[in-house]
Number of protein chains: 2
Amino acid sequence: MNDTISLLMKHRSVRKFTNEPVTEEQLETIVAAGQMASSSSHVQAYSVIAVTDDKLKKELSELCGNQAYIAECPTFLVWCADLYRLKTITEEHYPDKKAFVDTTESFIIATVDTALAAQNAAVAAESLGLGIVYIGGIRNRIEEVTRLLELPKHVYPVFGMCVGHPDQQTMLRPRLPQKAVLHRNKYSTDAVNEVSNYDVTMSRYLSERTGGKNDTPWSKLMADKLTQPARIHMRDYLKEQGFELK
Amino acid sequence: MNDTISLLMKHRSVRKFTNEPVTEEQLETIVAAGQMASSSSHVQAYSVIAVTDDKLKKELSELCGNQAYIAECPTFLVWCADLYRLKTITEEHYPDKKAFVDTTESFIIATVDTALAAQNAAVAAESLGLGIVYIGGIRNRIEEVTRLLELPKHVYPVFGMCVGHPDQQTMLRPRLPQKAVLHRNKYSTDAVNEVSNYDVTMSRYLSERTGGKNDTPWSKLMADKLTQPARIHMRDYLKEQGFELK
C-alpha cells in the first residue's frame with residue numbers, strides 16, 4: 001500500500017478543530033488540487049467560497065442546523081455548482097442564442113464537477129495533516145444561504161466542508177462489504193444480501209463508539225432516515241435558482 | 001508539496017492503454033479507496049460495475065459514442081447512483097411506509113456520493129501507476145446501457161471510467177485561474193472576468209497540442225457547447241428509472 005492509498009484508507013470526518021488557522025498557502029494548495037480533478041468536457045462548472053469571517057461562519061452554522069463546528073473551524077468551504085460563469089461567457093459570444101443551463105443534464109454535470117473537485121481538495125487537505133467534514137446541512141435552509149453568500153442565479157451550494165487542524169481522534173467507520181457495492185459485468189440485485197453481515201459489523205461499531213448505549217444496525221438507521229421526508233424544498237429552490245431540471 | 005498533492009497536480013486523462021490487465025488486487029484496492037470517501041449520513045448510495053467482458057465493453061463503447069478506448073481499456077468501471085439498496089432495506093424494515101427515494105434531494109445525495117467515491121478511486125488508481133478517464137458518454141444512450149447492465153429501478157449510471165496502464169503521455173491541461181473559482185466570504189460575479197486571461201492560456205495550449213491547427217479560446221469552445229442541447233432525454237429517463245426529482 002502506497003502513501004496515498006494509506007491516506008485515503010484512514011479518512012474519517014473531523015468535527016473538532018484547534019484554533020490554528022488554515023494558511024493562505026494551504027488554502028490555495030487545496031483548491032489547486034481540487035481544480036486538477038476531471039471535469040466534464042473541461043467545463044469546470046463549480047466555484048468554492050472560502051468563508052473565514054467569524055460572523056458569517058456563525059450565521060452559516062445556524063443555517064446548517066446549528067452545527068457548532070462550522071463556526072469553530074478556521075475555514076469553511078462552500079462548494080457550489082456553477083453554471084453562471086458558463087452562461088455569462090456564452091451570452092457574450094452569442095447574445096441571441098439560448099444557453100442550455102436549465103436541463104437535468106447540465107445540473108448533473110455541474111453537481112458532479114463540484115463533487116470531484118471537492119473530493120480532490122479533501123484528499124489534499126488530509127495529506128497536509130488537516131481534517132475535514134462535508135456539510136450536507138448547507139441544503140437545510142438553502143435559500144437563506146444563497147442570499148447570505150450572494151450567489152447569483154445558476155449557482156447553488158451543493159455542500160459545505162469544514163477544514164482545520166484536527167482536535168479529536170475518531171474511530172474509522174466501517175464501510176459496506178465490497179461485495180455489496182462492487183458488481184461484475186452486470187448489476188446483481190443479490191448484492192443487497194450483503195447488508196445483513198454489515199448490520200452486525202455496524203451494530204458492534206456503534207455500540208463501541210457510544211459505550212454500549214446504541215447498537216442500532218445500519219439498515220435500521222437507513223430505514224428510519226429514508227422514511228422521513230428530507231429537504232423537500234430542493235426542487236422548488238433549484239427551479240427558482242435557474243436550475244429547472246428540464 | 002507532498003507525494004499525494006504532487007500526484008493530484010499531475011492528473012491528466014488517459015485514453016490509450018497497454019494490454020496489461022488491471023489485477024483483481026488492484027481493482028479491490030481502488031474500490032476500497034473509493035468506499036472510504038465521505039458519504040451523506042453514511043448512506044453509501046452508489047454501486048460500481050467492473051466491466052471486463054470484451055463483448056460488453058465493445059457494446060458499451062458503441063453506446064458511449066464510439067469511444068474506442070472503452071473497448072480497449074482492460075477494466076471499464078460504471079459508477080452508478082444507487083437508491084435500490086436503500087429502498088430494499090427500508091421496505092424490509094417498514095413494509096407499509098414510503099421510502100423517499102423519489103425526491104430531488106435523494107437524487108443529489110446519490111449522485112454526489114457516487115462522484116466522491118469515484119474520485120477517491122481515481123486517485124487510488126493513479127497512485128498505482130494506472131491511468132483513468134471519466135466517460136460522461138455513458139449518458140448518451142443511457143436507457144440501452146441500463147438494460148445492458150441490468151440496472152434495477154432507482155439505479156442510474158452517472159459516468160463510466162476507463163482504467164488501465166497508460167500507453168500515452170499527454171500534456172497537462174491548464175485549469176481556470178484560481179481567482180475565477182475561489183471566492184472569499186461571498187460570491188463575486190467579477191470572478192468571471194478572469195476568463196479572458198484563461199482564454200489566452202488555453203488558446204496557446206490548444207495550438208501547441210494540435211500543432212497549430214486549432215487555437216479556439218476556451219470561452220468560445222464553451223459557448224459552442226452550451227448553445228447545443230445535450231442529452232435532453234435525461235429528465236424522462238430518470239423519471240422512468242424511479243428518480244422522479246420531486
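**View 1. A:Ile49 and its partner across the strands.** In this predicted model, A:Ile49 sits opposite A:Val78, a residue of E2(A). The two strands here are E1 (residues 46–51) and E2 (residues 75–82), both of chain A. They run antiparallel to each other and pair over 6 bridges.

**View 2. The open sheet, with strands from both chains.** Zoom out from that pair and you get an open sheet of 5 strands, in the order E3(A)-E4(A)-E2(A)-E1(A)-E5(B), with mixed pairing. At the edges are strand E3 (131–135) of chain A and strand E5 (182–184) of chain B, each pairing on one side only. On average, neighbouring strands are turned by 25° against each other, ignoring direction.

**View 3. Helix H2 of chain A on the sheet.** Residues 24–35 of chain A make up helix H2, which packs on the sheet. This helix touches E1, E2 and strand E4 (155–164) of chain A, plus E5 of chain B. Its direction makes about 145° with that of E5(B).

**View 4. A:Tyr156 in the nonpolar core.** The largest nonpolar core has 113 residues, and A:Tyr156 and B:Tyr156 have the most contacts inside it. Look around A:Tyr156 and you'll find contacts including A:Trp79, A:Phe107, A:Leu151, A:Met234 and A:Phe243. Chain B joins in too, through B:Ile108.

**View 5. How the two chains match up.** Turn chain B by 180°, with 0.0 Å of shift along the axis, and it superposes on chain A with an RMSD of 0.0 Å. So this is the relation of a two-fold axis. Both copies use the same surface: 100% of chain B's contact residues recur in chain A.

Technical notes. Residues numbered from 1 in each chain as written. Chains lettered and ligands numbered in written order. Predicted model: local features only at pLDDT ≥ 70, side-chain atom pairs only at ≥ 80, totals over all residues. Heavy atoms only, no water. Pairing = 2+ DSSP bridges. Helix = DSSP H or I, 4+ residues; strand = E, 2+ residues; numbered from the N terminus. Axes fitted to C-alpha atoms, helices over the stretch in contact; angles between N-to-C directions. Contact = heavy atoms within 4.5 Å. Core = buried A, V, L, I, M, F, W, Y, C linked by side-chain atoms within 4.5 Å. Buried < 20%, exposed > 50% of the residue type's maximum accessible area, 1.4 Å probe, protein only. Least-squares fit on C-alpha atoms with pLDDT ≥ 70 in both. Lists of a residue's contacts leave out its neighbours within four places in sequence.
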